[in-house]
Amino acid sequence: NTNSANIYMIPWPTGDTATIAFQTSGTVAASGIAVFAMHGNISQSAAFSVATSKVTAAATATFPVPSGAAVLGYSFTLGSAGARTNTWSGLTEVLDQTIAGSNQHSAAVSEFPTGSASLTVTDTPANTLSNMAALFAVFR
C-alpha cells in the first residue's frame with residue numbers, strides 16, 4: 001500500500017473563504033484534507049520539516065523551534081478495520097478522524113512565543129497499523 005502525508009501552503013492576503021480542489025492521477029482508496037489558517041508575519045515556507053513514512057508504531061521527531069514559531073504535525077494511517085485514534089505529545093491535538101472505515105488522519109498544532117531549543121513531538125496511534133506517514137513542520 002502506498003501512503004503519504006503532505007503539507008501545502010498558499011498565501012491568502014484577504015478574505016476568509018477558499019475552494020479546495022483535489023485531483024489524483026490514479027485510483028485512491030481514501031484521502032483526507034485538513035485546512036489550517038496562520039495569521040501574522042508567517043514565512044511562505046516551512047523553516048524545518050521532518051517526514052516519516054511507513055512506520056508501524058509511533059512517529060517521533062526532535063527539532064529546534066525558533067521564538068514566535070508555530071509547529072504543525074500531520075499523519076495519515078492505513079490500518080485494520082475499525083475506528084482508531086491518535087495521541088499527540090509536544091503539540092495540541094486538533095484532528096482525529098477515521099476515513100473510509102479503517103484509515104485515519106490526525107493533526108496537532110501549537111504556537112511557541114519563546115521557542116524551544118529541543119522540542120520532541122510524538123504521534124502514537126491507539127491501534128495496530130500497517131503503514132503511517134507523518135510529518136512535522138515549523139513555520140515562523
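Two strands count as a pair if DSSP finds at least two bridges between them. Keep that rule at hand for this tour of a predicted model.

**Stop 1: the whole chain**

Show everything as a cartoon. The chain holds eight strands and zero helices. From the N terminus on, the elements read β-β-β-β-β-β-β-β. Of the 140 residues, 36% count as buried. Now turn on the surface. The chain exposes about 8200 Å². Carbon and sulfur atoms supply 51% of that area. Next, look at contacts with a separation of 6 or more: residues 24 or more positions apart account for 76% of them.

**Stop 2: β5 and β6**

Select residues 92-99, which form strand β5. Add residues 103-112, strand β6. How many bridges join β5 and β6? Seven, and the two strands run in the antiparallel sense. To find one of the bridges, click L95; its partner in β6 is A107.

Now go to the turn. The hairpin of β5 and β6 has three residues between the strands. Pick A100 there: its phi is positive, near 55 degrees.

Stay with β6 and colour by burial. Why is strand β6 largely enclosed by the rest of the structure? Eight of its 10 residues are buried, so the rest of the structure largely encloses this strand.

**Stop 3: β7 and two partners**

Select residues 116-125, strand β7. Bring in residues 59-65, strand β2. β2 and β7 pair in the antiparallel sense over six bridges. Zoom to A61, and you will find V121 of β7 opposite.

Then add residues 86-89, strand β4. β4 also pairs with β7 in the antiparallel sense, here over four bridges. One place to look is N86, whose bridge partner in β7 is P125.

**Stop 4: N86**

Centre the view on N86 in strand β4. Is N86 buried or exposed? The cut-off for buried is under 20% relative accessible area. N86 has 3%, so it is buried.

Display its surroundings. Leaving aside neighbours within four places in sequence, N86 is in contact with residues including S75, T77, E93, D96, Q104, S106 and M132. D123, T124 and P125 are also among its contacts. Draw a C-alpha to C-alpha distance from N86 to T124: it reads 5.4 Å. In sequence, N86 and T124 are 38 residues apart.

**Stop 5: the aromatic pair**

Show the aromatic rings. The structure holds one aromatic pair. Its members are W88 and F136, arranged edge-to-face. Their centres are 6.3 Å apart, with 80 degrees between the planes. W88 belongs to strand β4 and F136 to strand β8 (residues 129-139), so the pair ties together parts 48 residues apart in sequence. Check burial here too: both W88 and F136 are buried.

**Stop 6: a patch on the outside**

Switch back to the surface. Select I20, F22, I33 and V35. Together they make a nonpolar surface patch of about 420 Å². Click I20, which is found in the segment before β1 (48-55). The cut-off for exposed is over 50% relative accessible area. I20 has 51%, so it counts as exposed.

**Last look**

Put two residues side by side. N86 is buried at 3%, whereas I20 is exposed at 51%. Then return to the cartoon and trace the eight strands once more.

Terms used. Residues numbered from 1 in each chain as written. Predicted model: local features only at pLDDT ≥ 70, side-chain atom pairs only at ≥ 80, totals over all residues. Heavy atoms only, no water. Patch = residues over 30% accessible without salt bridge, like charges linked within 9 Å, V, L, I, M, F, W, Y side chains within 5 Å. Areas by Shrake-Rupley, 256 points an atom, 1.4 Å probe, with all protein chains shown as cover. Salt bridge = Lys/Arg side-chain N within 4 Å of Asp/Glu carboxyl O. Buried < 20%, exposed > 50% of the residue type's maximum accessible area, 1.4 Å probe, protein only. Phe/Tyr/Trp six-rings, centres within 6.5 Å; stacked < 30°, edge-to-face > 60°. Contact = heavy atoms within 4.5 Å.
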